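Reader: Please show me the model, and then let us go through its fold, its core and its charged pairs, one question at a time.

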Amino acid sequence: MTRTTLPISYEFFPPKTPEGAEKLRAVRQQLAVRRPEFCSVTYGAGGSTQSGTFRLVQEIQQEGMSAASHFSCVGASRESVRTELRELQAMGIARLVALRGDLPSGYGLGGEFQYASDLVAFIRAEFGDAFHIEVAAYPEMHPQARSPDADLQAFAAKVNAGADSAITQYFYNADAYFRFVDSARALGLDVPVVPGIMPITSSTQLLRFSDACGAEIPRWIRLRLQGYGDDTASIKAFGLDVVTELCERLRSQGAPSLHFYTMNQSAAVLAIAERLGL
């Protein structure tokens, strides 16, 4: 039987202007009616949005929703990480999305953490079970991984270091997700692997993001989007069908929950949730 009570969560990014912050408050109000399990907030390259990230997670927490801070470690010292995590703890934040992160262009690797697994191990050693730790998973392989097996081993290192669950990069090929989960289970990795869902509302935006992060856009989807040209209404209608069908398949075959990359917008996520009967 198809489940209707599938947990969901949202990702937001820190707005850059007061107008953006006000708009995001309205978006969060609209999305809150779906009772998300938590809302995560992204963290710019090299911690470039750290103050904005921390402000936003605190604001979400004060609104009565559980907030998770993205937390990247590349270029960071143990002392700076310890200080920042204490700051989050003092705000009442109990959930982290632990990432290696990207350095701003032109910087070397630097810092005392080489991999996200080093960050996870440090958090566990310093803070015990004070934080629920999410890590990233890549059903279609991390763009910088040497091979699918190397990427799976990197995921295993994060889980074995103490991660509680994982959120995937977005994808539109459900088979890639289920194959990744099966491979993880074969290694004895039994943490929940939550699919990351990217609604399709703009073909140019989607293609740009996907080319940058290595997410695969199936050829049939790419061609349909190109065929619509500037017909925004048709792109959104097509995207709603595609992503709803993807979510239905994920739900029917046992995905533990869905994590929506909202892009600080509410309409597409609400339309998908409505179609799914969530």
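**Charged pairs, core and a helix face**

Author: R275 is partly exposed, at 45% relative accessibility, where partly exposed lies between buried (under 20% relative accessible area) and exposed (over 50%), with a 1.4 Å probe and protein chains only. This is a predicted model, in which local features need pLDDT of at least 70 and side-chain atom pairs count only at pLDDT 80 or more, while totals for chains, interfaces and linings use all residues. Residues are numbered from 1 along each chain as its sequence is written, and side-chain values use heavy atoms, with hydrogens and water left out.

Reader: Which residue meets R275 in a salt bridge?

Author: A salt bridge here is a side-chain nitrogen of Lys or Arg within 4 Å of a carboxyl oxygen of Asp or Glu. The partner's side chain comes to 2.9 Å from that of R275, N to O, and the partner is D241. R275 lies in helix α10 (residues 267-276) and its partner in helix α9 (residues 232-252), so the pair ties together parts that are 34 residues apart in sequence; helices (H or I, at least four residues) and strands (E, at least two) are DSSP runs numbered from the N terminus. The partner is itself partly exposed at 34% relative accessibility, and its name is D241.

Reader: How many residues apart in sequence are the parts that R124 and D164 tie together?

Author: The side chains of R124 and D164 meet in a salt bridge of 2.6 Å, N to O. R124 counts as buried at 16% relative accessibility, whereas D164 is partly exposed at 30%. Because R124 lies in helix α4 (residues 116-127) and D164 in the loop between α5 (148-161) and β6 (165-168), the separation is 40 residues.

Reader: In which helix do E248 and R251 both lie?

Author: These two residues form a salt bridge, with their closest N and O atoms 3.0 Å apart. E248 is partly exposed, with a relative accessible area of 28%, while R251 is buried at 4%. They are 3 residues apart, about one turn of the helix, and that helix is α9.

Reader: Which element gives the most to the largest nonpolar core?

Author: A nonpolar core is a set of buried Ala, Val, Leu, Ile, Met, Phe, Trp, Tyr and Cys residues joined through side-chain atoms within 4.5 Å. The largest one has 84 residues, and those with the most contacts inside it include F12, L85, Y172 and L250. With 8 residues, the element that gives the most to this core is α9.

Reader: Within what arc do the buried residues of α10 fall?

Author: The buried residues of α10 are V269, I272, A273 and L276, and they pack against β1 (8-12), α1 (18-32), α9 and β9 (258-261), contact meaning heavy atoms within 4.5 Å. The face turned away from this buried side carries the exposed residues A267 and E274. The arc is that of the directions from the helix axis to the C-beta atoms. Seen down the axis of α10, the buried residues line one face of the helix, because they fall within an arc of 100 degrees.

Reader: What percentage of the 278 residues of the protein count as buried?

Author: The protein has 10 helices and 9 strands, and its C-alpha atoms fill a box of roughly 50 × 45 × 45 Å, taken along the principal axes. Of its 278 residues, the share that counts as buried is 48%.
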